[in-house]
Amino acid sequence: MSEEPTVNASWLPQDRVEAGSTENASGSSLVPAVEPEPELWVNPWDIVLCTSGTLISCENAVVVLIIFHNPSLRAPMFLLIGSLALADLLAGIGLIVNFVFAYLLRSEATKLVTVGLIVASFSASVGSLLAITVDRYLSLYYALTYNSERTVTFTYVMLVLLWGAAICIGLLPVMGWNCLRDESTCSVIRPLTKNNAAVLSVSFLLMFALMLQLYIQICKIVMRHAHQIALQHHFLATSHYVTTRKGVSTLAIILGTFAACWMPFTLYSLIADYTYPSIYTYATLLPATYNSIINPVIYAFRNQEIQKALWLVCCGCIPSNLSQRARSPSDV
């Protein structure tokens, strides 16, 4: 009796099922020898990842379209938010394409292309987050000279560097830095090698450390600015405390969300390899994809200018409370 074919995601290690196969083969001989209809078994984790990819794609496509079609959203901040949304959009498309190829068009070439796309997209997403952090720090530290041509040039340089690095990282598996010929060198994400995954993980930890340091400096600047504004306008100490606490809370949410989403998979990639059960890879990778779902909410939809553009597209009007809202030091 032939075994029923099972299909796993093409980019995760294949769990060993020899024991289960042997047990199935030793069934009772009294069962009529009828060939069963072949069934395509779909891993529920793959469905969840594909669903996350669909949500990521739809959500970030809205942000990309708003920024692309609105000429007023061309400041450095919006260029970086657009870069983040584009990277997350490509990551969502990569998750969808990987699901389709894993179950409909299985080949080594498609495996390399889809994994390369996902790695490049998530690398560009993390790089864009770092670039946004740098831009926020510069906008506060050099408040008087921030709105200048030099800032725009610096922003374009950052975008070229981060997307160039992301594309190079994504091309590594395609160019031969993979474990297809030597499975013993595979990481938790096949066909990435263990060394490749380690380099990506260490790079992420370094970028996270840099973001943490920058956000600490941003927090100090926000507190100082809030204190100065309170003195100039003779605000009460409680008002200064509430404004400062709101700014610190916002920064803590931004950094905490980023760490909670990416840290489990980063640390797991450092210590694990292809011999570990794939369920651990799914369980740590899924929260990382959630970061691309949360990014538009934190960086785009909270922005007043993007909110105005979204209201104009949806209903052709801008709420009065939104148009009259003033930016406070806590809006970081």
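This report looks at a pair of crossing helices, one long helix and a loop residue in a predicted model.

## Where α4 meets α8

Two packed helices are described by the angle between their axes and the distance between the axes. Let's try that on helix α4 (residues 108-141) and helix α8 (residues 278-300): their axes come within 11 Å and cross at roughly 35 degrees. The crossing of these two is left-handed.

Who does the touching? On the α4 side you'll find Phe 122, Ser 125, Leu 129, Ile 132 and Arg 136, and they meet α8 residues Ala 288, Thr 289, Asn 291, Ser 292, Asn 295 and Tyr 299. Sort the residues of this contact by class and you get five nonpolar, five polar and one charged.

## Helix α5, end to end

How far apart are the end C-alpha atoms of α5? They're 38 Å apart, which agrees with the 38 Å that its 26 residues should span at 1.5 Å a residue.

Plenty to spot along α5: its buried residues include Thr 151, Met 158, Leu 162, Trp 163, Gly 170 and Pro 173. Part of what covers the buried residues of α5 comes from α3 (76-104) and α4. After α5 comes Gly 176, with a positive phi near 120 degrees.

## Asn 178 in the loop

Now look in the loop between α5 (149-174) and α6 (194-232), where Asn 178 is found. Is Asn 178 buried or exposed? Its relative accessibility is 18%, and buried means under 20%, so Asn 178 counts as buried.

The side chain of Asn 178 reaches the backbone oxygen of Pro 173 at 2.7 Å. Setting aside neighbours within four places in sequence, Asn 178 is in contact with Leu 112, Pro 173, Pro 191 and Thr 193.

Conventions. Residues are numbered from 1 along each chain as its sequence is written. This is a predicted model: local features need pLDDT of at least 70, side-chain atom pairs count only at pLDDT 80 or more; totals for chains, interfaces and linings use all residues. Side-chain values use heavy atoms; hydrogens and water are left out. Axes are lines fitted to C-alpha atoms, for helices over the stretch in contact, and angles run from 0 to 180 degrees between N-to-C directions. Helices (H or I, at least four residues) and strands (E, at least two) are DSSP runs, numbered from the N terminus. A crossing is left-handed if the near helix is turned anticlockwise from the far one by less than a right angle, and right-handed if clockwise. Contact means heavy atoms within 4.5 Å. Ala, Val, Leu, Ile, Met, Phe, Trp, Tyr, Cys and Pro count as nonpolar, Asp, Glu, Lys and Arg as charged, and the others, Gly among them, as polar. Buried means under 20% relative accessible area, exposed over 50%, partly exposed in between (1.4 Å probe, protein chains only). A polar contact is a pair of N or O atoms within 3.5 Å; within protein, one must be able to donate a hydrogen and the other to accept it, and residues adjacent in sequence count only if both atoms are side-chain atoms. The expected span of a helix is 1.5 Å times one less than its number of residues.
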